[in-house]
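Q: Could you take me on a close look at the ligand site of this structure, and then show me how the empty spaces elsewhere in the chain are built? I would enjoy one connected account.

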Amino acid sequence: GDYNGPLRPRVHYSPPKGFMNDPNGLFKDVNGTWHLYYQYNPTDVVAGNQHWGHATSPDLYTWTNQPIALFPPNSTSGVFSGSIVVDPENTSGFFPNSTNGVVAIYTLNTPEKQVQEIAYSFDDGYTFTPYSGNPVLDVGSNQFRDPKVVRYGDSWVMVIAFASEYVIGIYTSPDLKEWTHASNVSHIGFLGVQYECPNLVEIPIRNSSTGTDKGWVLTISINPGAPLGGSITQYFPGEFNGTHFVPHDGATRLSNFGKDDYAGQFFYNESVSIGWASNWEYRNLVPTATEGWRSSMTLPRENYLIDSGVRGWELVQEIYDIQPILSDQLASSDNLVNTTSQVDFGNSTSVYFDMNITYPADVTFSTYASINFTFSTQSSNEQFKGGYILTGSTPNTIWVDRGNTNGFDYPLFTNKFSASQVKPAERIQGIIDHSLFEVYVDNGSVVGTVDVYPTEPFTSLSIGTGDLPEGSTVSLQVWGLKDTWA
Ligand code: FRU
């Protein structure tokens with residue numbers, strides 16, 4: 001692949017060429033290498049002809065493309081989304097002589113129906129053999145897909161979408177081959193038109209009020225029919241006993257306030273996740289096709305749950321350790337109160353900023369108190385804007401606006417996004433990576449992912465604060481990011 005195009009992200013994964021959607025089969029092998037598979041059309045820049053593409057990484061940012069891992073058996077079928085597990089105890093019987101056996105569990109989509117198949121690997125996930133007894137789960141439905149499997153006690157547990165029935169099925173198995181239906185979770189949260197790509201995982205709880213240090217979360221992606229249109233992912237913290245999942249409450253919670261974060265998946269046995277940074281409303285239309293590719297992944301995230309009391313349960317999605325890809329420090333200030341910093345970063349660099357803010361106790365904010373950041377191009381007068389509103393009718397609100405860019409003009413390519421918090425932000429981390437911007441507020445309590453298509457690269461960042469009350473402090477660090485494909 002050629003990763004030099006002006007719209008190519010340099011630290012977010014994108015495929016060598018062709019079309020990518022959902023992350024699949026995420027796992028870390030016994031050598032510590034991270035594996036990312038993905039829904040892949042190698043022959044066109046639109047969805048269809050689905051394979052499992054494959055890439056590996058030591059740090060979740062620096063990727064090496066690998067040969068395609070799973071191929072459809074014929075031209076009318078597709079290998080749809082699914083997951084991977086490691087089977088050190090050889091429960092599957094595929095691995096009598098090894099403790100690093102890898103099994104992929106995925107949907108085979110045919111014109112008639114969607115069935116679940118498995119394939120096994122003796123070489124840590126580089127090559128696979130389909131199981132001769134496939135399919136392993138066939139309920140005769142053409143809307144039954146996206147198995148995600150975890151280990152619970154002595155059992156394998158699968159969550160899978162009965163997409164158009166708003167049902168997540170829970171199945172159990174001793175060996176990944178025989179699956180027994182255990183229960184359903186149905187009609188929860190936003191329904192949209194379909195449920196897709198569920199995940200049910202146990203992740204850490206921080207600030208636990210009950211003393212437990214791990215909790216379960218069910219994620220369900222919906223498409224179309226997201227509140228902002230198209231596709232988005234929602235989540236439900238809750239209890240799981242090996243066969244039944246019960247959400248803690250009836251609240252609906254989205255995992256992103258942007259429009260470009262879908263079908264996220266957790267790595268097997270890890271609290272790390274990655275999402276697909278696009279939206280089914282316009283994924284086949286975005287202008288990166290001129291560079292021969294479409295769609296990128298979100299940043300990797302380290303996830304945990306908090307029980308915030310008043311606000312109930314929340315999923316926090318921190319940026320995964322970004323240290324390995326920091327390059328030149330472009331700015332550093334401990335004193336950005338009511339002043340703006342101008343950072344020129346040239347036209348080939350992706351940029352990360354990290355702003356930390358404190359406020360005096362019991363403060364009232366003036367009408368204009370705000371934080372602002374704007375990325376600009378050299379000569380085309382395009383801008384990507386964002387900021388944080390501290391006061392007024394929508395206080396404690398992060399916002400971004402991709403409307404002042406000219407590379408993609410489409411009615412459903414919504415310009416403005418925002419999300420409000422209960423109290424003022426104390427940390428804002430942002431990344432511009434050519435055609436993708438992400439913001440993480442308060443260490444990932446609120447996350448926004450938005451594609452952005454300027455006609456020429458952004459080359460400068462203007463970032464600052466205004467009308468903050470006396471006694472506030474603001475520090476800022478800005479870093480260029482390594483070109484992980486160079
Ligand atoms: C979600 C999805 C899945 C399906 C895959 C097909 O984006 O529609 O439900 O398995 O994409 O590529």
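A: Here is a walk from the ligand site to the cavities and pockets, with a few backbone details at the end.

Please keep in mind that this is a predicted model. Let's begin with the shell around the ligand, which is made of Asn 21, Asp 22, Gln 39, Gln 50, Phe 80, Ser 81, Arg 145, Asp 146, Glu 196, Cys 197, Tyr 262 and Trp 280. By class, these shell residues split evenly into 4 nonpolar, 4 polar and 4 charged.

Polar side-chain atoms come up to the ligand's oxygen atoms from several of these residues. For Arg 145, a polar side-chain atom lies 2.7 Å from an oxygen atom of the ligand. In the side chain of Trp 280, an N or O atom is 2.8 Å from a ligand oxygen. Gln 50 also takes part, with a polar side-chain atom 3.1 Å from an oxygen atom of the ligand. As for cover, the ligand on its own has 320 Å² of accessible area, and the protein covers 94% of this. Four strands each give two or more residues to the shell: S1 (18-28), S5 (78-86), S9 (144-152) and S13 (195-206).

Now to the enclosed spaces. Rolling a probe the size of a water molecule over the atoms shows where empty space is left. The structure has 6 cavities of 30 Å³ or more, and the largest cavity has a volume of about 130 Å³. Its lining counts 15 residues, with Thr 233, Ser 255, Gly 264, Ser 273 and Gln 317 nearest the centre. Sorted by class, the lining of the largest cavity holds 9 polar, 4 nonpolar and 2 charged residues. At least two lining residues come from each of strands S15 (232-240), S17 (262-266), S18 (272-276), S20 (301-307) and S21 (313-319).

S20 and S21 turn up again in the largest pocket, where they each supply at least two lining residues, as do S24 (350-358), S28 (416-420), S31 (446-451) and S33 (473-481). The largest pocket has a volume of about 810 Å³. Of the 37 residues that line this pocket, Arg 311, Glu 314, Gln 421, Ser 445 and Val 446 lie nearest its centre. S21 makes the biggest contribution to the pocket lining, with 5 residues. The classes here are 15 polar, 14 nonpolar and 8 charged residues.

S33 leads us on to the salt bridges, of which there are 12 in the count. In one of them, the side chains of Arg 10 and Asp 483 meet at 3.6 Å, N to O. This pair ties together distant parts of the chain, with Arg 10 in the segment before S1 and Asp 483 in the segment after S33, 473 residues apart.

A few loops also deserve a glance at the backbone. Most residues other than glycine have a negative phi, and most peptide bonds are trans. Asp 124, in the loop between strand S7 (114-121) and S8, has a positive phi of about 60° although it is not a glycine. Asn 134 and Pro 135 are joined by a cis peptide bond with omega about -5°, and Pro 135 sits in the loop between S8 (129-130) and S9. A cis peptide bond also joins Asn 223 and Pro 224, with omega about -20°; Pro 224 belongs to the loop between S14 (214-222) and S15.

Note on methods. Residues numbered from 1 in each chain as written. Predicted model: local features only at pLDDT ≥ 70, side-chain atom pairs only at ≥ 80, totals over all residues. Heavy atoms only, no water. Near = heavy atom within 4 Å. Polar contact = N/O pair within 3.5 Å; in protein donor to acceptor, adjacent residues only side chain to side chain. Areas by Shrake-Rupley, 256 points an atom, 1.4 Å probe, with all protein chains shown as cover. Nonpolar A, V, L, I, M, F, W, Y, C, P; charged D, E, K, R; others polar. 1 Å grid on protein atoms, 1.4 Å probe; cavity = no way out; pocket = protein on both sides within 12 Å on 5 of 7 lines; lining within 4 Å. Points joined across faces, edges and corners; volume = space filled by probe spheres on them. Salt bridge = Lys/Arg side-chain N within 4 Å of Asp/Glu carboxyl O.
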